[in-house]
Amino acid sequence: MEPGEKKLLSASPDGDAREENKLKRGIPQDSSSPKLDRYKIARQLTEKAIKEKKIFSIYGHYPVIRAALRRKGWVEKKFHFLPKTLQTAEDEGAREIKGTEIKENQDVVVERIDDIHEVMSRLVKNEMPYLLWTIKRDVIDYHNLNGDQMLNHYGKTASFTTKIGLCVNMRSLPWYVQANPDSFFPRCYGLCTESEKQEFLDDFRRTVASSILKWVVSHQNLGRIRSKSRKEDPKSSDPSLRKDPENADNRFRGLPGQLVDVACKVCQAYLGQLEHEDIDDSGEGAEDLSEAEWNDLIQQYYSLVHGNAVISDSRSYFSQCQALLSKITSVNPQTEIDGIHNIWIIKPAAKSRGRDIVCMDRVEHILELVATEHPATKDNKWVVQKYIETPLLIYDTKFDIRQWFLVTDWNPLTIWFYKESYLRFSTQRFSLDNLDSAIHLCNNSIQRRLKNDKERSPLLPGHNMWTSSRFQEYLQKRGRGAAWGSIIYPSMKRAITNAMRVAQDHVEPRKNSFELYGADFILGRDFKPWLIEINSSPTMHPSTPVTAQLCAQVQEDTIKVVVDRRLDRNCDIGNFELLWRQPAVELPPFSGSDLYVEGVNTSKARKPVPHLTTFNLDVLSETQALKAQGSWPGPESVGMSSTALQEDWKRESARVSSSWTALVPKPAERSCRARPGNVLPAYNPPRVESKASRSGLAKAQPTKPLDPTLLSGHPLAPVLHAVKPSESALSQLSRAPVLPRDLRAPCLVCRSALPPAGPCKRCRSFCASVLQGASFVPLGGSGQQGSPWSP
């Protein structure tokens, strides 16, 4: 045993003490020791895991994931460093995760060397992990992963996991789904551009007008309730119940009824916009107030809402205000959650865990907060969202719902919905008079730092969490047990499905990836859930007994869906249920089209070239050169009359030309069509060269007579033998200069330059390939000026 190993063994508690006792007693560590047995087992399990591609790696504190994979035969490839991204992780419970990660790393240092999982991790240190579970996607190089490597993150999910992304993409929902985003997502605006600021300002002003109408209706109803209370209890000594709210009190400032008239005109103009009545309206809209009039209306509204003023004779406006509110409610599903305080929640666009989130009810304070001299960046973008002023309360305390869902594919979109969720309570009693974040934000990262209010109901749990099952029991006791199955649960499903379908085009649809998300909902008084935000990498820290149970359970069920279901489609998937699977869109099969251009050749027609007879062109080329010099001997000097020679020449030429005409194909017309495959191959007869042409101009042998055997195999041999040239004429002919062989002759068909040792590359004509490397002299027709091949 190495000294370093002995030092590590001494750090272990019970098992290490037993090993030390064995060493002290002098027991040798032979092949039958349990350590070697464990090593053999570890090696066998490791080889099996490598063969089945069951190697995984984890970044972060996920002991449940690690234990679940190990039970299924997976081997962990450990990384002995802490990524920087873990230190700046922006999910809930990041500080707890950091602390537990440091503790876990310390535990790894003192881990026993003979632990079977540690040994197996050492054996796979050079293997590639096939499952990566990280707290953030940027921990690894996302784009360099192999196709068979699984990752628990997708790329480009900011379109729905950030506040600004969800705010912008929800506006495009009607283009994807026949649904109104205002029915489940509170309206919001990104205050990073002037146009968005103006839209928010217009919305704030319209909400001011509708809140004035709500004040009139609510105070009239309140007056009726108080009148009923006085009738039931006439002995009541409370002076506030004996006065009507419309009666002028010295403590309140009376506002004129004109305030209600202006608010009604603004609401009527808003209804006209929703019904598109303002398209053909050429006059000025009733809502087009000046900035001074708007400021005066808003200031009077502040006095009215905050209890410093009342509207005189508001009873006369009750019927008109109630009718307008009914029309607005029928076209605007968010009228109920607006309340009368016009509270908005301001959030940083790309932060989480409730950081820097504030609630405000004055527009000038909101615009002052988001005002900046620097251009908009990621850090100073703000999102303002309408606050839900009428939430469902449990024992006068606000709460929200954390709902998990899993996406295993984006093309086709596949969503798994988790059946269990949990509620998070605020530590303070709910009140709209106090806009403290401790009252209105239920994030665990905020509430865990606060103490529970003494005035809060003792029926609420001390750790401020309920399971969804406990919440259903609460509803059942109050006679609303059906609300969960008929309203809350299906509405949350629809909201998540709609949000994912909108974001589908923005996410990188990598195969073999998956991701678990956490959505936050707030219930209205009518049990209708409102989607607030969607979190990537939701916290799995067991901070309370509720999260210790549910977080461990959802992690194990996630492994069942993404690992077990790949091999068995009918396996147990825990509490997950298939929420949405997009129908596969089959692309039409691609067939390569035969693209070509049809047209008429407009090139200049070339003169027809007569067919070439086969004869020794070396001799004729020399003869052509002698004619050009004027030293060609006439027929008389050869010993034959010119008339007889011409007649024999014509007969032989006609016979050979008629035989070649059947073999030589006509030149094909130029077009972009594909040529047929049944083209007659070019005829390549044996090449016959004279010694004079092979030697070239510098090595010509003028004294050597022409070899008569060269013409023995030629078709014109009888004619050439009949000529019987004299020795002087042949010697004079042989002394004529010979052109170099590398000079290219024109093709007889297309007049292109003919290579010295091959057919015509332009037209592949039969005439150009009769004699490989021979020189062709056009018989008839005019050659190009200045060309040595001109007759």
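This passage walks through the confidence of a predicted model, and then through two of its sheets and two of its helix pairs.

A good place to start is how far the model can be trusted. The chain has an average pLDDT of 74, and 59% of the residues score at least 70. Confidence is lowest in helix α1 (residues 3-10), where the mean is 37, and highest in strand β14 (residues 515-523), where the value reaches 97. The pLDDT is below 50 over residues 82-114, a stretch that has 61 contacts in the model beyond near neighbours in sequence. Residues 283-287 also have a pLDDT below 50, and this stretch has 5 contacts in the model beyond near neighbours in sequence. Where pLDDT is low, the predicted coordinates should not be read in detail.

The sheets come next. Strands of a sheet pair through backbone hydrogen bonds, either parallel or antiparallel. One open sheet of 4 strands shows parallel pairing, with the order β2-β1-β3-β4. At its edges stand β2 (75-76) and β4 (150-151); each has a single partner strand, so one side of each is left without a neighbour in the sheet. Within this sheet, strand β1 (residues 55-58) and strand β3 (residues 131-133) run parallel and are joined by 3 bridges. To find one of these pairings in the structure, look for Ser57, whose bridge partner in β3 is Leu132.

Another open sheet of 4 strands follows the order β5-β10-β8-β9, and here the pairing is antiparallel. Its edge strands are β5 (188-190) and β9 (358-360), each of which pairs on one side only. On average, neighbouring strands of this sheet are turned by 25° against each other, with direction ignored. Strand β8 (residues 344-348) pairs with strand β10 (residues 382-386) in the antiparallel sense, over 5 bridges. Lys347 can serve as a landmark, as this residue stands opposite Val383 in β10.

The helices can be read in a similar way. Two packed helices are described by the angle between their axes and the distance between the axes. Helix α4 (residues 63-71) links the two topics: α4 lies across β1, β2 and β3, running at about 170° to β1. The same helix also meets helix α21 (residues 545-567), and the two axes come within 9 Å and cross at roughly 45°. The two helices, α4 and α21, are therefore oblique to each other, and their crossing is right-handed. On the α4 side, the contact is made by Val64, Ile65, Ala68, Leu69 and Arg71, which meet Ala552, Gln555, Glu556, Ile559 and Val563 in α21. By class, the residues of this contact divide into 7 nonpolar, 1 polar and 2 charged.

The second pair is formed by helix α12 (residues 258-274) and helix α14 (residues 318-331), whose axes come within 11 Å and cross at roughly 30°. With this angle, α12 and α14 are therefore roughly parallel to each other. The crossing of α12 with α14 is left-handed. In α12, the residues in contact are Val260, Cys264, Cys267, Gln268, Tyr270, Leu271 and Leu274; their counterparts in α14 are Gln320, Cys321, Leu324, Lys327, Ile328 and Val331. This contact has 10 nonpolar, 2 polar and 1 charged residues.

Key
Residues numbered from 1 in each chain as written. Predicted model: local features only at pLDDT ≥ 70, side-chain atom pairs only at ≥ 80, totals over all residues. Heavy atoms only, no water. Axes fitted to C-alpha atoms, helices over the stretch in contact; angles between N-to-C directions. Parallel < 35°, antiparallel > 145°, perpendicular 65-115°, else oblique. Left-handed = near helix turned anticlockwise from the far one by under 90°. Contact = heavy atoms within 4.5 Å. Nonpolar A, V, L, I, M, F, W, Y, C, P; charged D, E, K, R; others polar. pLDDT = per-residue confidence, 0-100. Pairing = 2+ DSSP bridges.
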